[in-house]
Amino acid sequence: MHLEEPRVRSKVLGTLGFVLFLAASVGCASTKKYPLQGEIVSKNVATNEITVKHGDIPGFMPAMAMPYHVQDPAVVQELQPGDKIAAEGFVNKDTKEYWLEDVRITDESGRSQAKTPVAPHMLIPGERVPNMAFVNQDGRTIHLSDFAGKALLVTFIYTRCPMPNFCPRLSSQFAKIHDELKKNPGDYSKTHLLTISFDPKYDTPPVLRKYGLAYLDDDANGFSQWDFASTNPADMARIAQAFGLQYQEEDNQISHTMNIVLIGPDGTVAKLWSTDWTWTELMESMQQTLHSSGQSSEIHGRALYGYLCASCHEFVNPDLRKEPPKLHGLFLARTCLAGHPPLMNRCTTRLLRDCGPCPLLTSL
Amino acid sequence: MVRWGKLMAGSFLLLSLMACSPSEKLTNTEIQGQWLYDDHCAECHENPHPELRKQPPNLHGLFLAKALPSGAPATDEQVSKTIIEGRGTMPAFDKRLREADARELVAYLHKLK
């Protein structure tokens, strides 16, 4: 036989092609499989997701509790919080998608002891957001009420997060949104970004400032529209409950969910995301909520009322010495609360002066 | 037939070369560093997530250049400092990696060509 013979040459080329195909499939497979064992923390039948607490899986995930998509909806139906499972974790190196297959319950004796996920009152779209205080990258105290009248996009990170799909991706997306908003001065001045760290012990103001500058291309002017802040652990737990954020420190790293909240100019929740979003969708939602709610002084006032007044005047605390009155129809009455005629400016001015028990009014 | 056999053998040699890169013998410290690299560094530095603000640099041949991608001198101390304290958008590995871990990582990075 001779290689120059056409029949032999085609056989050789065919074999070489097969060998190269085999090499490509062995050396360059874009999907990798990792065995996973863990415990079900919660499940979401609507999105076919289960949150699994698991140990370190080298090359795939560090020890954490995180949501995974499951291919088969019937499996999600069957699983219950507290179940111990074994599964195959898959990650596509190109698209960065990951999911679970072949999920098997290895022990269901923990079902009855499973704790309900921590979310006693998670805010839903349309609800007023309580006023919350933070310390930002400059060491200055900021309140959500500072952003009344603006579309405020909030997310949660910790600066040491080593998972590129998590905090680095969130901050990168926020940086992209910041870049785009900056191109339109009209929208830029009416929007704000807020990145909150749930690791206040490590993420002090100087650490947050350094982190923020890295995403602002070292332009400190960007902090005027994008704050990086944290608060004390007790308040952080309360804030996490309000926004459905779950996080847990373990072995010097923090496992956490990814949550984004859009607060409208009126101080209510406009939209919440915990999975599946793009930066363009986030930015468009900001612009939509901004343009649909308008920019009237009533909208700004409504937000301030929600942040500063509603907690007393809407949900009265029975332990208070003097019960704060309902303010609905305040200006429909013949006299205002302080007994003065309900002429808006005069009445409000006198309220500010006379309303002793209200700490907010006296401090305004 | 002999030529055909040689061709097949050569093809399988090619296959094995493509699937596994040749590895020189590593010391125990370098092997520890390799494990740490695979666990903590490879995901960003080998195959960066396309949405990241700044693409993490490839670390192969890091110590062959005089300067690190950041422009800082390519010294063991500088690389260890970057691992523990972070730099730019790279997170600090403080608390998660000890200085001894950083030394093992640096030892492996010297071998990563």
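What follows is a set of questions and answers about how parts of this predicted model are described.

User: What does chain A contain in the way of helices and strands, and how many residues does it have?

Analyst: Chain A has 10 helices and 14 strands. Its residues number 364, and buried ones make up 45% of them. The accessible surface of the chain comes to about 18,300 Å², and carbon and sulfur atoms account for 55% of that. Among contacts between residues at least 6 apart in sequence, 61% join residues at least 24 apart.

User: Why is Q225(A) called buried?

Analyst: The relative accessible area of Q225(A) is 11%. Buried means under 20%, so Q225(A) is buried. Q225(A) lies in the loop between α5 (205-215) and β10 (226-230) of chain A.

User: Which residues does Q225(A) touch, leaving out those up to four places away in sequence?

Analyst: Q225(A) touches K150(A), H178(A), Y188(A), S189(A), T191(A), H192(A) and L193(A).

User: Is D217(A) buried, exposed or partly exposed, and what makes it so?

Analyst: D217(A) has a relative accessibility of 45%. The range between 20% and 50% counts as partly exposed, and D217(A) therefore belongs there. Like Q225(A), D217(A) is in the loop between α5 and β10 of chain A.

User: What is the sign of phi at D217(A)?

Analyst: Phi of D217(A) is positive, near 55°, and the residue is one other than glycine. D217(A) comes just after α5(A).

User: Which residues of α5(A) are buried, and what covers them?

Analyst: The buried residues in α5(A) are L208(A), Y211(A), G212(A), L213(A), A214(A) and Y215(A). Their cover includes β8 (151-157), α3 (167-182), β9 (191-197) and β10 of chain A.

User: Why is α3(A) called oblique to α7(A)?

Analyst: Helix α3(A) packs against α7 (residues 279-293) of chain A at an angle of about 50°, with the axes 9 Å apart. Roughly parallel would need under 35 degrees, and roughly perpendicular runs from 65 to 115. The angle fits neither class, so α3(A) is oblique to α7(A). In this contact, Q173(A), K176(A), I177(A), E180(A) and L181(A) of α3(A) meet W279(A), L282(A), M283(A), M286(A) and Q287(A) of α7(A). The crossing of these two helices is right-handed.

User: Turning to chain B, what makes K66(B) exposed?

Analyst: K66(B) has a relative accessible area of 80%. Exposed means over 50%, so K66(B) is exposed. K66(B) sits in the loop between α2 and α3 of chain B. Leaving out residues up to four places away in sequence, K66(B) touches P73(B) and A74(B).

User: Where does α2(B) bend, and by how much?

Analyst: Helix α2 of chain B covers residues 28-45 and bends by about 50° at D38(B). Its buried residues are E30(B), G33(B), L36(B), Y37(B), C41(B), A42(B), C44(B) and H45(B). What covers them includes α4 (99-111) of chain B.

User: What makes α2(B) roughly perpendicular to α4(B)?

Analyst: The two axes come within 7 Å and cross at roughly 95°. Angles from 65 to 115 degrees count as roughly perpendicular, so α2(B) is roughly perpendicular to α4(B). From α2(B), the contact uses T29(B), E30(B), Q32(B), G33(B), Q34(B), L36(B), Y37(B) and C41(B). From α4(B), it uses D101(B), E104(B), L105(B), A107(B), Y108(B), L109(B) and K111(B).

User: Why are α3(B) and α4(B) described as oblique to each other?

Analyst: The axes of α3 (residues 76-85) and α4 of chain B come within 9 Å and cross at roughly 125°. Roughly perpendicular ends at 115 degrees, and roughly antiparallel means over 145. The angle falls in neither class, so α3(B) and α4(B) are oblique. The contact joins D76(B), V79(B), S80(B), I83(B) and I84(B) of α3(B) to A102(B), L105(B), V106(B), L109(B) and H110(B) of α4(B). The crossing of α3(B) and α4(B) is right-handed.

User: Where is K95(B), and what is its phi?

Analyst: K95(B) is in the loop between α3 and α4 of chain B. Phi of K95(B) is near 80°, a positive value in a residue other than glycine.

Conventions
Residues are numbered from 1 along each chain as its sequence is written. Chains are lettered from A and ligands numbered from 1 in the order in which they are written. This is a predicted model: local features need pLDDT of at least 70, side-chain atom pairs count only at pLDDT 80 or more; totals for chains, interfaces and linings use all residues. Side-chain values use heavy atoms; hydrogens and water are left out. Helices (H or I, at least four residues) and strands (E, at least two) are DSSP runs, numbered from the N terminus. Buried means under 20% relative accessible area, exposed over 50%, partly exposed in between (1.4 Å probe, protein chains only). Contact means heavy atoms within 4.5 Å. Accessible areas come from the Shrake-Rupley method with a 1.4 Å probe; for residues, only the protein chains shown count as cover. The bend at a residue is the angle between axes fitted to the seven residues ending there and the seven starting there. Axes are lines fitted to C-alpha atoms, for helices over the stretch in contact, and angles run from 0 to 180 degrees between N-to-C directions. A crossing is left-handed if the near helix is turned anticlockwise from the far one by less than a right angle, and right-handed if clockwise.
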